[in-house]
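Colleague: Before I rely on the labels attached to this predicted model, I would like to hear the reasoning behind them. Could you take me through the charged pairs, and after that the packing of helices?

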Amino acid sequence: ALIEDNGAPFWVDGDKLAAYLKGKDLSKTKIVSHNALFDMSILRWRYGFDPYFMIDTLSLARAKWAYKLPSLSLAKVADHLGIGVKGDALLKVQGMNALAMRQAGLFDALVSYALNDVDLCRQIWDALQPFPVEELVLCDTIQRCTINPRFVLDFRVLRSEEHTSELQSH
């Protein structure tokens with residue numbers, strides 16, 4: 001389930017998601033998600049989609065409300081803000097694939113559940129505003145370190161250390 005800008009939530013079936021993502025300009029795409037580490041990992045590792053900016057409302061909620069909320073799940077934050085109820089459709093379809101959900105007549109309930117989730121996430125994002133830009137940049141950086149790790153090695157320093165180790169061992 002997705003929302004673009006201030007539009008209405010909409011659903012994209014998994015087999016159509018890759019094509020949908022290919023139509024997005026990565027240099028301008030910002031994605032807001034509750035528990036972005038999970039969602040952004042799927043987008044990066046399965047679909048090769050690396051947005052311009054990643055925002056995690058779970059991390060931001062932790063920074064703002066951890067002192068008074070024992071849980072920062074989407075359901076608990078939404079309840080705290082009084083913006084809606086998460087629902088339990090996901091519990092009813094655990095272990096099922098899309099075909100099994102359709103055969104059981106539960107697929108539409110799952111879609112409604114997902115549409116509600118993205119709407120709750122948007123409302124949480126709105127409630128967090130204004131949020132310091134520096135913190136948003138840090139949140140994005142932390143996500144990237146996990147989702148798309150990169151090591152930059154200074155081979156000059158490594159060779160120097162290797163040479164030093166050889167001298168010390170003799």
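Modeller: By the rule that a side-chain nitrogen of Lys or Arg must lie within 4 Å of a carboxyl oxygen of Asp or Glu, the count comes to nine salt bridges.

Colleague: What makes the pair of Lys 16 and Asp 15 a salt bridge?

Modeller: The closest N and O atoms of Lys 16 and Asp 15 are 3.9 Å apart, and the rule asks for a separation within 4 Å, so the pair is counted as a salt bridge.

Colleague: Why is Lys 16 called partly exposed, and why is Asp 15 called exposed?

Modeller: Lys 16 has 48% relative accessibility, and since partly exposed covers the range between under 20% and over 50%, that is the class it receives. Asp 15 stands at 65%, and because exposed means over 50%, Asp 15 counts as exposed.

Colleague: How do you know that Asp 50 and Arg 144 form a salt bridge, and what does the pair tie together?

Modeller: Their closest N and O atoms are 2.9 Å apart, which satisfies the requirement of within 4 Å. Asp 50 lies in the loop between helix 2 (36-47) and strand 2 (53-56), whereas Arg 144 belongs to helix 8 (residues 133-147), so the pair ties together parts that are 94 residues apart in sequence. Asp 50 itself, at 23% relative accessibility, counts as partly exposed.

Colleague: Which parts of the chain does the pair of Lys 86 and Asp 117 link, and are these residues buried or exposed?

Modeller: Lys 86 and Asp 117 form a salt bridge with the closest N and O atoms 2.7 Å apart. The pair links distant parts of the chain, with Lys 86 in the loop between helix 4 (74-81) and helix 5 (89-92) and Asp 117 in helix 7 (residues 107-127), 31 residues apart. Both Lys 86 and Asp 117 are buried. Elsewhere, salt bridges that share partners join Asp 50, Asp 140 and Arg 144 into one network.

Colleague: Turning to the helices, why is helix 3 called oblique to helix 7?

Modeller: The axes of helix 3 (residues 57-65) and helix 7 come within 10 Å and cross at roughly 40°. Roughly parallel would need an angle under 35 degrees and roughly perpendicular one of 65 to 115, so helix 3 is oblique to helix 7. The crossing is left-handed.

Colleague: Which residues meet there?

Modeller: Thr 57, Leu 60 and Lys 64 in helix 3 meet Cys 121, Ile 124, Trp 125 and Ala 127 in helix 7. The residues of this contact divide into five nonpolar, one polar and one charged.

Notes:
Residues are numbered from 1 along each chain as its sequence is written. This is a predicted model: local features need pLDDT of at least 70, side-chain atom pairs count only at pLDDT 80 or more; totals for chains, interfaces and linings use all residues. Side-chain values use heavy atoms; hydrogens and water are left out. Buried means under 20% relative accessible area, exposed over 50%, partly exposed in between (1.4 Å probe, protein chains only). Helices (H or I, at least four residues) and strands (E, at least two) are DSSP runs, numbered from the N terminus. Axes are lines fitted to C-alpha atoms, for helices over the stretch in contact, and angles run from 0 to 180 degrees between N-to-C directions. Angles under 35 degrees count as roughly parallel, over 145 as roughly antiparallel, 65 to 115 as roughly perpendicular and the rest as oblique. A crossing is left-handed if the near helix is turned anticlockwise from the far one by less than a right angle, and right-handed if clockwise. Contact means heavy atoms within 4.5 Å. Ala, Val, Leu, Ile, Met, Phe, Trp, Tyr, Cys and Pro count as nonpolar, Asp, Glu, Lys and Arg as charged, and the others, Gly among them, as polar.
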